[in-house]
Amino acid sequence: MDSTTFVKPTLDYFHLWPILVVLGVAALGVVVEAFVPRARRFATQTVLALAGLVAALVGTVLVGLDLTEVGDGAARGLLTAGGTLVIDGPAVFLWGLVLIFAVGGVLLFAERRLEGGVSAFAGQAAALPGTEAERQAQGLDHTEVYPLMMFAVAGMMIFPTAGDLLTMFVALEVLSLPLYLLCGLARRRRLLSQEAAMKYFLLGAFSSGFFLYGVALVYGFAGSMDLAAIDQAVRADTGNHTLLAIGMGLLAVGLLFKVGAVPFQSWTPDVYQGAPTAVTAFMAAGTKIAAFGAILRLFYVGFGSDRWTWQPMLWVVAILTMVVGAVLAISQSDVKRMLAYSSIAHTGFLLTGVLGVQTSAELADGQVTSLQAILFYLTTYGFSMVAAFAIVTLVRDSGGEATAFDRWAGLGRRSPWVAGAFAFLLLSMAGIPLTGGFVGKWAVFTVAFSAGAWPVVLVAIFSSVVAIYFYVRHIRLMFFTAPTADSAAVVAPSLLTSATIAVGVLATVLLGIVPGPVLDLAGHAGEFIR
Amino acid sequence: MSDFPWLTVLVLVPLVGSVAVALLPLPAAQAKQAGLAVSVVTLALAAAVAAQFDVEGGMQLTETHDWISAFGVHYALGVDGLGLLLILLTAVLVPLVLLAAWSDTDQPLGPDGEDETTRQGSGRAFVAWTLALEALSLAVFAATDVFLFYVVFEATLIPAYFLVGGFGREGRSAAALKFLMFQLAGGLVLLASVIGLYVVSAQQGSPSYLLSDLEQLDIGTEAGRWLFLGFFIAFAVKAPLFPVHTWLADTTERATPATSVLLVCVLDKIGTFGMLRFCLGLFPEASQWATPVVVALALVSIVYGALIAIGQDDLLRLIGLTSLSHFGFITLGIFVLNTQGGSGAVLYMVNHGLGTAALFLAAGFVIRRRGTTLISQMGGVEKVTPVLAGLFLVAGLATLGLPGLSTFVSEFLVIIAAFQYQWWVGAIAVTGIVLAAIYVLWMYQRTMTGPTVPALPGTGTGADPDATGSTRTDLTVREGVVLVPLVVGLVLFGFYPGPLLEASNPYVGTLLERVGVTDDAPTVTSPESETPASAEEGS
């Protein structure tokens, strides 16, 4: 890949198929919006999105089976599109996760029974809250959300696949812009929703700016955007190391913002709370998976040989993220905000796993690798988050979802199944054994411990104790507190939401009891291509 | 026959029973019968396991399968002398607990600030959670893979949490939260050590969590001490030991007596069980290093637990605190590191299970009649219900270690061992017995003797809450079936502790050989002197 002469990039269509089909469906969705009559749009868009995702999922499996070994055999896959896309084991694994949770997202998006025949999205986003126009749009359905979501999914798939910084930036924007919009489309509590979208957009735009500046500085150091070329430049250590360090830091700001790490977490609770819950579910799982994929690729591949520069930074960020996430979650009084802070704490645990990077020479035969641990953690995290937010959509009163804590009092008495499922998901997030969350936590703690980051692990364990407190407090609220007159009730959902919840809970159980297959799959994904 | 997965079946029967009771829409009465049947079947299986057990055979009935190969984790079960005794104890106690709580779940025990409507159908939940707790506890005692042990060790807390939080008195949900937070905090400290073991194991070849593999590991002195600390802190919270015991009294005060039996007599044994199996078994050097501190904590627990027990006015709180003193004795026996102490501690674990269970359940029956848990509001119970009062007295005497009852044997062994370790340690431990006499006898005096309180059933004003329709106010048949086996066990093992010692001695011998203690089991002038205490030295 000589960057001085122009080489026509070759596109490996078979391996790009999953991305292309999602992008194609997204574009097709826009066309559908324009040409299909309003009455038929909902069905068309839903089926189209689901079909596209399933086709992409099938493609992902085929691509995963087809990857061939490169180099010394530690990694499998290929570079395509002139080296800008690296389709390797971890990337394909992450595609699979994003697509699975996107299917869950579409099912939640399409839920119409809870709101009495309409979806959870504003009928007419442009109508001002409280106006006549809004009332007229009451019965309408916003079907643009499906193409928007498909674009975001495509961005999430490209993000961890990007082999150079510019592609990574483009993917970052492709996944972010639709999400900013989706956050502002809630049917109920529209001002809160619009505020969330505004905050997310402003802060997200800033962080993108940081990322872009970091790209420029790293280019100044390495003379290339390409991660492999950056890796070589870092190894040779010929350029200005200060430039590299600052560039690295700025890139990290952009990425850590997306995963909601402290001190870039302040958007998370507001956005998670304000966004339509279906969007929150999809975003919480998908964005985190994609952004962690990008973080891993950037730091392991691009800056892998300069671990000593970025690891201290991540130590501090990981510790702060866990502690702040867990401690602030205690003072919350809203389920969605609590889950948002819990997701911040999970970001910290995942970063602990990122610190567990070791070269293969340092690892014993058959020892679990940090990549394997993080991929597994992302899997269990995604399933439990999507299912938990899906359950949040069920607990309602006349004003829509009732997310304040006191409305959940005694839910276990009235709806033992729903409350039981939610309690189980909370226990998984708390990392109680026999749930997927425990195995994930064990894995990331182990790799970090093994790499010598034991102080971070001790902080992680301390934060887990704190986190258990607020999870269990919520279980106590649901089961051991008497219901009050204004306790919310569970509204029976359609099959769409039920299926999402059932799959999420079942996956969390299975990942806790037989984690072997998924762990092996994550191990089989191998290393990134360097 | 030997290929039959006895232990897996033993764990699965109550587990499946629990799920079935939880899911099938049985009425509460049938759920209780089904639960009782399942627990009796489990007891029969445990007896079958005991029948095949060879006391000199070490770890047996082993089953090993790969579970999570990426972590070196196995599904591995097996029993040795220690595991067998605790499995039997668990299997015996659970049916009795279910029987004792037969009508608890229909009517609340004492004042319950919350709503009564929730009581409907909660009998089923109680049975389901109890069976789940039994299954997980059995798995804990049979696990021979550290990861598997950790998983079930932590998982026991969930049924325990729901048992404390769902049944019992006002303030139970706060007590349950406190209980769970303490236990999980301890559990997470243990997690750090479990992870540390993996790292050490990975550094020395391929990672494995099998106990037999870990025992071969050469854990460095410093690493060993750190890992030991993690294990010990978790087990000290569990047991409980002095500075981390504060959850105990709150929990037993708020929970039902039946739940307290499960917690104190079964679940807390995991703490001392873990000290023996993991602290001593995996970190012999660190155990010797820690002995002085642990012994000091054990002594504080013995004396402090007994002293604050004396001052309690709540019957259930008092009984809970006596266990702090008892667990001090068990820990002392374990950490003085000689064979008498070890055997005494193992015996103590069983006898404490029987004695304290009897005391808790008898107290529960008294409280049910009286309608209060406050000692100061009782009095004269023995005139109305002489049989119940008598059994209560026997259980109380067992708690204070009266000769002729089984607890005496174990307490005696531990104290002899303590004297061998340091004379003053023994001297301090002996004060625990004196204090025990005070709290037990004074409690008996205040509750059972004296003028009969008017509110007692049979004296006119009190209604019999044990609404079986009968006019009996003394021990009912059901209550008798619960208490008599426990009391028989206490008396039997008081005069004939041979079977218990036979099961525990070889285990303790091999364990202490690992620790490097080679005191050749000096002859003991106590009822078990004829048992071959030195037989294990040759093997």
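Colleague: At what angle do helix H9 and helix H13 of chain B pack, and how are they oriented to each other?

Modeller: In this predicted model, helix H9 (residues 221-238) of chain B packs on helix H13 (residues 284-310) of chain B with the axes 8 Å apart. The angle between them is about 70 degrees. Angles of 65 to 115 degrees count as roughly perpendicular. H9(B) and H13(B) are therefore roughly perpendicular to each other.

Colleague: Which residues in H13(B) are met by residues in H9(B)?

Modeller: H9(B) passes H13(B) in a right-handed crossing. From H9(B), the residues involved are B:Thr221, B:Gly224, B:Arg225, B:Phe228 and B:Phe232. In H13(B) they meet B:Glu285, B:Ala286, B:Ser287, B:Trp289 and B:Ala290.

Colleague: Which helix gives the most residues to the largest nonpolar core?

Modeller: The largest nonpolar core has 417 residues, and those with the most contacts inside it are A:Val98 and B:Ala362. The greatest contribution to this core, 19 residues, is that of chain B's helix H7 (residues 172-203).

Colleague: Beyond four places in sequence, with which residues is B:Ala362 in contact?

Modeller: B:Ala362 is one of the residues with the most contacts inside the largest nonpolar core. With neighbours within four places in sequence left aside, its contacts are B:Leu388, B:Leu391, B:Phe392, B:Ala395 and B:Leu483.

Colleague: Which are the edge strands of the open sheet in chain A?

Modeller: Three strands of chain A form this open sheet, with antiparallel pairing and the order S5-S4-S6. Strand S4 (residues 395-397) pairs with S5(A) over two bridges, and A:Asp397 has A:Gly400 in S5(A) as its bridge partner. The strands that pair on one side only are the edge strands, S5 (400-401) and S6 (489-490) of chain A.

Technical notes: Residues are numbered from 1 along each chain as its sequence is written. Chains are lettered from A and ligands numbered from 1 in the order in which they are written. This is a predicted model: local features need pLDDT of at least 70, side-chain atom pairs count only at pLDDT 80 or more; totals for chains, interfaces and linings use all residues. A nonpolar core is a set of buried Ala, Val, Leu, Ile, Met, Phe, Trp, Tyr and Cys residues joined through C-beta atoms within 7 Å. A residue is buried if 20 or more other C-beta atoms lie within 10 Å of its own, exposed if 12 or fewer, and partly exposed in between; C-beta atoms are placed from the backbone. Helices (H or I, at least four residues) and strands (E, at least two) are DSSP runs, numbered from the N terminus. Two residues are in contact if their C-beta atoms, placed from the backbone, lie within 7 Å. Two strands pair if DSSP finds at least two bridges between them. Axes are lines fitted to C-alpha atoms, for helices over the stretch in contact, and angles run from 0 to 180 degrees between N-to-C directions. Angles under 35 degrees count as roughly parallel, over 145 as roughly antiparallel, 65 to 115 as roughly perpendicular and the rest as oblique. A crossing is left-handed if the near helix is turned anticlockwise from the far one by less than a right angle, and right-handed if clockwise.
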